[in-house]
Amino acid sequence: MTNLAVIVVFSIVFGILSRFFGVGGVHSAGGINYASLAIMCGVYGMVGSMVSLFISKWMAKRSTGTVVIEAPSNATEQWLIDTVAKQARAVNIDMPEVGIFNNSQPNAFATGWNKNKALVAVSSGLLQSMTADEVEAVLAHEIGHVANGDMVTLALIQGVINAFVMFFARIIGNFVDRTVFKNEGDGPGIGYFVTSIVMDILLGFLASAIVMWFSRLREFRADEMGTKLASRDKMISALDALRPAEQRPDQMPESMKAFAIASGQSTGFSIANLFRSHPTLDDRIAALREYNPSEG
């Protein structure tokens, strides 16, 4: 949602600059300059995604109420720090910030703009409902996201998607402006701007299915890292421990669901499943049972 909001803001700003100040060079008497449009969309699309990436840690802390452990105040916090530090050393990344957020649902997430400036956080519900071995596996899963560079890769994919969304939104906007609104002027009319913004939102939502497909793939990879840093049995046990939470409403903020270890699940094919950030727990456990760490 942050990414989409940035794209819409850029669209409005660019529309104002091009309409009233002639900045951008996309439109001319002959219509749209497609090369200039492609360059503009590529730059703005990536900027929107990068802005989302760079503020991801701040947004995560704010939306979940995560409190970073600066100085451990009890044995649990010390154990969390020590476990994350050990796992971070094992995958050769800098020590992430470690935090706890108040949420009765067992969950955890990792985020940050690069693997050496990350945040790993667990919910109070996870600490209360899971064993130490299961929490260790969850932390290993999140460290897997960090070590694999999933946050950056996801942002790059989102940037490419943004560029295509903005490009085709403006192609459609120009078509509507010329054919429906009968604008025959040298520059774009109101139909172009309104249609472009509407299509930014609509196409952006539809294109998110591609991003969510990649998100589901990276969950399998993070689970595999969990087996390497903890063990297969611990990782499977941790996923099994998430099953009761499936029956309750998802309490994670919308902006953080793709970064969490769990989300609401459903089985079978449906349109909604195309927009899910996580595979089903059954699929994840089945994949782990077949996974051979020596081949990973």
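Reader: Is V194 buried, partly exposed or exposed?
Author: In this predicted model, local features need pLDDT of at least 70 and side-chain atom pairs count only at pLDDT 80 or more, while totals for chains, interfaces and linings use all residues. Residues are numbered from 1 along each chain as its sequence is written, and side-chain values use heavy atoms, with hydrogens and water left out. V194 sits in helix α8 (residues 190–229), where helices are DSSP runs of H or I with at least four residues, numbered from the N terminus. Because its relative accessibility is 46%, and buried means under 20%, exposed over 50% and partly exposed in between (1.4 Å probe, protein chains only), V194 is partly exposed.

Reader: How far apart are the end C-alpha atoms of helix α2 (residues 34–54), and what span should its 21 residues have?
Author: The expected span is 1.5 Å times one less than the number of residues. For the 21 residues of α2 this gives 30 Å, and the distance between the end C-alpha atoms agrees with it, being 30 Å.

Reader: Which residues of α2 are buried?
Author: The buried positions of α2 include two glycines, G45 and G48. The others in α2 are L37, M40, C41, S49, S52 and L53.

Reader: What is the angle between the planes of F164 and F168?
Author: The structure holds 6 aromatic pairs, which are rings of Phe, Tyr and Trp (its six-membered ring) with centres within 6.5 Å, called stacked under 30 degrees, edge-to-face over 60 and tilted for the rest. F164 and F168 are 4 residues apart in helix α7 (residues 150–179), and therefore separated by about one helical turn. F164 counts as exposed at 51% relative accessibility, whereas F168 is partly exposed at 42%. Their rings are 6.4 Å apart, centre to centre, and stacked, with an angle between the planes of 15°.

Reader: Which residues do ring pairs link into a cluster?
Author: F164 and F168 already form a pair with each other. Ring pairs join them with one further residue into a cluster, and that residue is F167.

Reader: How many residues apart in sequence are the parts that the pair of F205 and F275 ties together?
Author: The ring centres of F205 and F275 lie 4.9 Å apart with planes at 10°, so this pair is stacked. F205 is partly exposed at 48% relative accessible area, and F275 is likewise partly exposed, at 25%. Since F205 belongs to helix α8 and F275 to the loop between α10 (243–246) and α11 (281–290), the pair ties together parts whose separation in sequence is 70 residues.
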